[in-house]
Structure formats: structure tokens, C-alpha cells
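Please find below some notes on the pockets, cavities and helix packing of this model. They are set out as numbered points.

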Amino acid sequence: MIPAAKNLAVEGAPPYFKLRSALSYCAPLIVNGIALPFFPVWLASLHFNDSEIGIILAVPMVVRVLAVPLVALLADRMQERSYVLIWSGGLSLLTAMALYLTKDFWPVLLVYAIQGATYAPYVPVVESITISGVRRWGFDYGSMRVWGSIAFIFATLIGGQLIEIWGGAMVLPTMVAGFVLTTLMGFASPRIGPTRRRGQPINLQAPTSGSLRSPQLLITMIGVSIQQSSHAVYYTFSSIYWHQIGFSGTAVGVLWSVGVMSEVMVFFISRRLSRRFTAWQLICFGSIMSIFRWILFPINFGFIGYFVLQCLHSCTYACVHTGIQRRILASVQETQEASAQGLYFFYNGMCLGIMTFIAGYLYAWFGLGSYYVMSGVAVFGLAMVVVAYYLQPQSSLAGGKTSEAS
């Protein structure tokens with residue numbers, strides 16, 4: 001039983017909110033735990049070259065960022081946001097089954113792009129439900145989000161074992177099984193009602209302060225998205241590279257898992273970190289670690305070296321993600337929660353999609369030297385976050401505890 005089941009009796013909260021939210025994270029991240037490390041291996045087994053792999057992985061990212069804000073806006077207006085999860089999981093299951101019929105470049109690209117559009121709203125809507133629980137009933141975000149990361153770890157470790165036995169052929173069956181579970185978890189996700197009183201629309205003409213129109217929030221989202229897009233070469237080609245230098249499928253699974261395990265540790269202590277550090281400090285620290293991570297990545301340290309290097313994922317992803325979620329929570333009202341998550345997903349997905357498209361060509365031209373380009377991308381993202389920080393009113397900059405809530 002997931003430990004998130006304890007302390008569930010909170011007045012006004014749906015029964016088992018923490019447990020159901022934790023499980024809602026687990027299902028999609030099981031799929032990600034298979035697809036992210038091993039879908040490129042399946043593509044390579046079809047004899048696609050580096051550029052084609054980069055395009056196939058990039059196009060769905062661009063497609064889904066066009067779909068997510070629209071679906072998120074719809075979710076904010078629905079009686080229950082969790083209904084989106086059922087449709088998202090079910091349609092994605094159909095696309096995963098359709099991949100069995102595709103072997104050539106264009107059919108694979110088309111089906112995987114459709115899957116990107118159908119599956120993309122799932123996690124942002126889960127995030128919005130969870131953040132509503134944080135806002136309404138004081139639940140700890142990290143204690144729910146962490147179980148998705150743990151599910152990712154187990155899926156990756158199991159995937160590493162399976163890929164040693166069956167190779168890339170194991171990817172599609174495990175993805176189908178993951179989508180079945182994801183659809184079921186859509187039915188089990190918390191029902192928390194609408195985000196506003198019936199008939200009260202989102203006011204897109206609201207003042208910039210405390211709304212989606214805030215330049216500071218938008219620039220922060222874009223800066224973080226650029227920093228996160230510096231993971232593009234790593235996400236796309238690290239598994240292939242590790243296979244090429246002789247690491248087994250199990251070893252590759254362990255390397256991916258240790259990165260996420262370090263992420264888990266951050267989520268476990270996220271409340272403590274939030275008391276000691278501002279959101280800005282977490283974002284900037286993680287961005288700086290990204291710069292160093294990609295500078296060091298091309299150096300073949302062997303398995304132990306890469307094991308240690310993978311631990312930096314706790315900084316380059318988890319610290320930054322915790323920080324941006326705190327910024328969103330502090331910047332928008334609940335009536336715009338799903339819309340804010342969708343907008344962040346739009347920026348994040350668009351930047352990562354463009355960078356993944358470019359990564360295919362960078363890796364074909366420069367090989368491991370493409371990681372140095374990613375380090376430069378992280379520098380640019382950090383610079384935008386710093387600009388956003390100084391857009392705060394001067395009273396906030398000097399406000400100590402006032403700015404801590406941000």
C-alpha cells in the first residue's frame with residue numbers, strides 16, 4: 001500500500017485524496033518509464049537514422065503543446081477535471097495499439113504524433129487536481145508527486161530486464177499495458193468538483209498581477225522551459241549511446257532509474273526545502289547544475305561515473321520542477337489552475353519539441369559534442385529566470401518572508 005494513504009481524513013477533502021492522486025501520477029509515469037528510455041531503442045530497431053529518430057520524437061512534442069492548453073482550458077470549465085483523464089488514457093491506448101501496424105517512417109510519425117496529442121493533457125490535469133488539493137486542504141504536493149517518480153523507476157528497471165530478453169520488441173506491449181492502467185486510473189482519480197462557482201467564467205482581462213497575464217510568470221515559465229529543453233539530447237540519445245559503449249539493458253535501466261530516484265528524494269523533502277529556500281533559489285540552483293551536467297556528460301566515466309552524474313537529475317529536473325510549481329501556485333487563482341498548468345506544459349513541450357528536433361541533427365553532426373550546445377541552452381534559460389526575478393516589485397525583492405511564498 002502506498003504510504004500516501006495515511007492521514008487521509010481531511011475535512012472537506014474527497015475520500016482517499018492523497019492515495020488517489022498518487023495513483024493518478026503512477027499510471028502515466030509507468031508509461032513514461034518505458035517510452036522515454038526505450039522507445040528510441042524500438043525506433044532504432046526499425047533502422048531509422050539519428051535524424052529520423054529526432055523527428056519522430058520531436059513532432060509529437062510540438063503537436064501536444066497545441067492540444068494541451070485547449071484541453072486544460074476545457075478542464076477548468078468542466079464539472080470534473082478527472083473526466084479528461086479517462087478520455088486521454090483511452091484514446092492513447094488506441095494509438096499504442098495502432099503502432100503495431102506501423103513500421104515505416106511516415107506511418108510511425110503520424111501515429112506517434114496523434115498519441116502525443118491525446119496523451120499530453122493527462123499529467124497537466126493530474127497536476128492541477130493535486131495543486132487544488134494543496135490549495136484547498138493543505139496537502140503536501142511532494143508526498144503525492146513522488147509516487148509517480150517511484151513508478152517510473154520500477155517501470156524503467158523492469159523495462160531494462162525485458163529489453164535484454166526481447167530487445168526493442170518489448171516496447172509496444174508494455175506501453176499498451178501501461179495505457180490500460182492509465183485509463184483505469186482515470187476512473188479512480190479524485191473528484192473535487194469545478195474550480196469555480198457555476199457560470200463564473202475565467203476573466204482573461206484580469207489585472208496582470210496574480211493572473212496568467214503576468215509577464216513575470218510567463219517569462220519564468222519560458223525560462224524554465226528552455227532550461228528543461230536542455231535535456232533533449234539526453235532524453236533522445238543517451239540509451240542508444242550507452243548501448244553502443246557496451247552497457248547492458250539492465251545497466252541502462254539502472255542509470256535511468258537512479259536519475260529518477262534522486263528526483264524522488266527531492267520530492268520527499270520538498271516541504272523541508274520549501275521552508276529553507278525560495279522557489280527562485282531552487283530554480284536557479286537546478287539551472288546551474290544543468291550547465292555542469294551537460295559539460296561533463298560527454299566524458300566516458302564508465303558505469304560508476306555515469307551513475308554519479310545521473311544523480312544530478314535531482315537538481316536539473318526535480319528542484320526546478322518544485323520551484324516552478326510553487327511559482328504557479330503563488331501567481332494564479334484556483335479558477336485558472338488547469339489553464340496555468342496547460343500553459344506551462346505548452347511552453348515546456350514546445351521548447352523540448354523544438355530542441356529534440358534540433359538534437360537529431362546536432363547528434364548526427366557533432367555526436368557527444370551536442371551536449372555542449374545543451375549546456376549553452378541551460379545558460380540561456382537561467383538568464384531568462386533571472387530577468388523574471390528582477391521583474392518583481394522592489395518591495396517583493398526585499399521582502400524576505402514575503403517573497404518566500406513565491
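1. Four helices each supply at least two residues of the lining of the largest pocket in this predicted model: α5 (122-137), α6 (141-166), α11 (270-276) and α14 (313-331). Helix α14 gives the most, with 5 residues.

2. The space in this largest pocket comes to about 390 Å³. Its lining has 16 residues, and those nearest the centre are Val134, Tyr141, Ser274, Arg326 and Leu329. Sorted by class, the lining holds 7 nonpolar, 5 polar and 4 charged residues.

3. Helix α14 also packs against α12 (residues 279-296), at an angle of about 155 degrees and with the axes 7 Å apart. Since angles over 145 degrees count as roughly antiparallel, α12 is therefore roughly antiparallel to α14. Their crossing is left-handed. On the α12 side the contact includes Trp280, Ile283, Phe285, Met289 and Arg293, and on the α14 side His313, Cys319, Val320, Ile324 and Arg326 are among the residues involved. The contact as a whole has 10 nonpolar, 7 polar and 3 charged residues. Arg326 thus appears in this contact as well as among the residues nearest the pocket centre.

4. A second packing partner of α14 is α8 (residues 215-229), with an angle of about 165 degrees and axes 11 Å apart. This pair, too, is therefore roughly antiparallel, and α8 passes α14 in a left-handed crossing. From α8, Gln216, Leu217, Thr220, Met221, Val224, Gln227 and Gln228 meet Thr316, Tyr317, Val320, Ile324, Arg327, Ile328 and Ser331 of α14. These residues divide into 7 nonpolar, 6 polar and 1 charged. Thr316, Val320, Ile324 and Arg327 of α14 take part in the contact with α8 and also in the contact with α12.

5. How many cavities of 30 Å³ or more are there? The count is 2. The largest has a volume of about 1100 Å³. It is lined by 45 residues, and Asn32, Leu36, Arg64, Phe345 and Leu352 are the closest to its centre. The classes in this lining are 25 nonpolar, 16 polar and 4 charged.

6. The second largest cavity has a volume of about 30 Å³. Ser21, Ser24, Leu85, Val126, Ile129, Thr130, Ser189 and Pro190 line this cavity. Two elements, α1 (17-45) and α5, give two or more residues each, and α5 gives the most, with 3. The lining has 4 nonpolar and 4 polar residues, and no charged ones. Helix α5 thus contributes to this cavity and to the largest pocket.

Terms used. Residues numbered from 1 in each chain as written. Predicted model: local features only at pLDDT ≥ 70, side-chain atom pairs only at ≥ 80, totals over all residues. Heavy atoms only, no water. 1 Å grid on protein atoms, 1.4 Å probe; cavity = no way out; pocket = protein on both sides within 12 Å on 5 of 7 lines; lining within 4 Å. Points joined across faces, edges and corners; volume = space filled by probe spheres on them. Nonpolar A, V, L, I, M, F, W, Y, C, P; charged D, E, K, R; others polar. Axes fitted to C-alpha atoms, helices over the stretch in contact; angles between N-to-C directions. Parallel < 35°, antiparallel > 145°, perpendicular 65-115°, else oblique. Left-handed = near helix turned anticlockwise from the far one by under 90°. Contact = heavy atoms within 4.5 Å.
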